[in-house]
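Me: Please take me through the aromatic contacts of this model, with the criterion behind each label.

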Amino acid sequence: MSDHNDHERRYWLDDKRNVNKVCYALYTVCAGFALADLFPYKQHLHFDFEYWPGFSSIYGYVSCVALVLAATQLRKVLKRDEDYYD
Amino acid sequence: MIELLPPGAILILGGLLVPLLPGRLKPWAGVALPVLGFIHLLALDKGFVRTLVVFGYELTPVRIDGLSLVFGYVFFIAAILGGIYGLHVRDNVQLAAALTYVGSAIGGVFAGDLITLFIYWELTAVTSVFLVWAGRTKRAARAGMRYLVIQVGSGVILLAGVILHFVDGGSLEFGKLIGADGRLGSAGIGVLLIFIAFGIKCAFPLLHNWLQDAYPESTVTGTVYLSIFTTKLAVYALARGFPGTGILIVIGAVMTAFPIFFAVIENDLRRVLTYSLNNQLGFMVVGIGIGTQLAINGTAAYAFANIIFEGLLFMAMGAVLLRTGTCLGSELGGLYKTMPRTAALCIVGAASISAFPFLSGFVTKPLILDETASGHHVVIYLMLLFASAGVFHHSGIKIPYFAFFAHDSGKRVKEAPGHMLFAMAVMAVMCIGIGVYPEILYRVLPYPMEYHAYTTTHVITQYQLLLFSALAFVFLQKTGLYPPELRSVNLDFDWTYRKALPALVRGSVSLGRVAVGAILVPTRSLVDRVLRLVYQLHGPEGVFARTWTTGSIAFWAVVVLCGYLLYFLAR
């Protein structure tokens, strides 16, 4: 793993196009799972809202965006220099 | 003979002897002693109870039952793997502290009465602080001191609670302490204090900050040990004493939600993991609050799974720290190029904590979620779902992404040492093993149950939740909305006792000085004046201090006697 050519060696992910490929793969898989809700596969759930098509997908997406945006605002209040306590 | 030793005693006694071993053998004691201890535990039967009468009080130093066994098993497994992970360590302090600490935590889990529990409770505090101090930096020294004050404080509160509980007519036996109504309000003050003591060690909201403060200051191996035992001992204690305590549902839900905001903006990746740990404890606490047999099983199973995957994550970050000398997200990135195995193992841990299907989180967390839903706690259920998505975000994606991918830091360090990779690989295999064959774990849970984690609904909805969280991450990264990793600290509740309280004390002292000055100065000048007058009268030159000759005294005596004679004659 630590051969001398590491600095020159190009890795698969060094190519921006490959990073994009990973993203497209994710979009495709997401689309596939979202489309699964067109079928009535849901059983034994506890709340009515869980049967809504796309509930889990939207909830996951919105949660994470809200989490990060809220945390960014929080940082404005809480961020201090690294040696604040020293 | 073997039954005379409580589980964990081998580690405590052996740990104290480690410094006497020759250098190269020392780290092997960290593996051998937990193995011996584990064999010892396996030799004891389930249902084994040993009682002891001390000063007329009946104590139960050892009680082995379903609940204690789950925690005992996983503690030993984690201790063995921690020992393997730390095979490069030669430091007496770390080795002895780690072993005695693990031994005390195990002892605590098998304590059958509150006095024994208290002893082990304090032992975990005083042994583990040496792991923090082993960081050997000024920061570690100070964080360790704060940690010690809080941990010992928890023990003192526990003892006070136990005494009050006993005086109130309660039993010393460590069983269910909360009443059938599950309300703290109707419990005695003793039980309330015990609850607070457990809450401190379990890092309840606002009592939590010792965790994020102290753990990341420890060494590569120290933090791995710390992350496992103290908080899970507290979870065990809560599960034993307070199952079905309603308030725990709310406390736990808050615990799952608020640390993840901090985790998103924290730069030190090991500190991110402590926030994540805090969030994970929240799930367990909710399970305890619900308190049904299935929920307690869920808590025990989740604690088991969490120790493995969270331990794996801490180990991976420890390996990064060992090789690069830093764990700051802002300084890392691109490490997958030279540490591919560590990266891969870290991703297994990250996917497990996120509860991806076919990994251990997926077959354990739903036990708690299902019971929450069955109890019709809609808001709590939605909070837990939010926290589950959040876990994936900060532990599942952020940790591996910023350490091993993200922007290339240009660091080309060596792969982690073989023994570390081995320990991590075993943990990763356990994550997958439990995920694929959950019955292995279900069989050791406290209550028998029939549970099928793999239903079509569950698998698909879980994938939806997680994949769309990943999608959110990609969206935020591409649009530049994701907060960059910055060298900084973020204020948390510890600000109150690290900044506000000292400032308050300093303020009160100077205010006090002003106040004292205002009263003292006039008083002192008055006293001075009185003293000066007394000095004038009684001092060396004073009227009352003059010495008189014998002759003058005799003269005045004669005058007085003559006066009296005249008065007598005249009468």
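Reply: The following exchange sets computed values against their definitions. This is a predicted model, in which local features need pLDDT of at least 70 and side-chain atom pairs count only at pLDDT 80 or more, while totals for chains, interfaces and linings use all residues. Residues are numbered from 1 along each chain, chains are lettered from A in the order in which they are written, and side-chain values use heavy atoms, without hydrogens and water.

Me: What makes two rings a pair, and how many aromatic pairs are there over all chains?

Reply: Rings of Phe, Tyr and Trp (its six-membered ring) pair if their centres lie within 6.5 Å; planes under 30 degrees apart are stacked, over 60 edge-to-face, and the rest tilted. The count over all chains is 44 aromatic pairs. Tyr24(A) and Tyr27(A) form one that is edge-to-face, at 5.8 Å centre to centre and 75° between the planes.

Me: Why is Tyr24(A) called exposed?

Reply: Exposed means over 50% relative accessible area, buried under 20%, and partly exposed in between (1.4 Å probe, protein chains only). Tyr24(A) has 52% relative accessibility and therefore counts as exposed. Tyr27(A) has 32%, so Tyr27(A) is partly exposed.

Me: Why is the pair of Phe258(B) and Phe262(B) called edge-to-face?

Reply: Their ring centres are 6.2 Å apart and their planes stand at 90°, so the pair is edge-to-face. Both Phe258(B) and Phe262(B) are buried.

Me: What makes a charge sit over a ring, as for Lys499(B) and Tyr84(A)?

Reply: NZ of Lys or CZ of Arg must be within 6 Å of the ring centre and within 35 degrees of the ring normal. The charged end of Lys499(B) sits over the ring of Tyr84(A), 4.6 Å from its centre. The charged end of Arg80(A) also sits over the ring of Tyr84(A), 5.8 Å from its centre.
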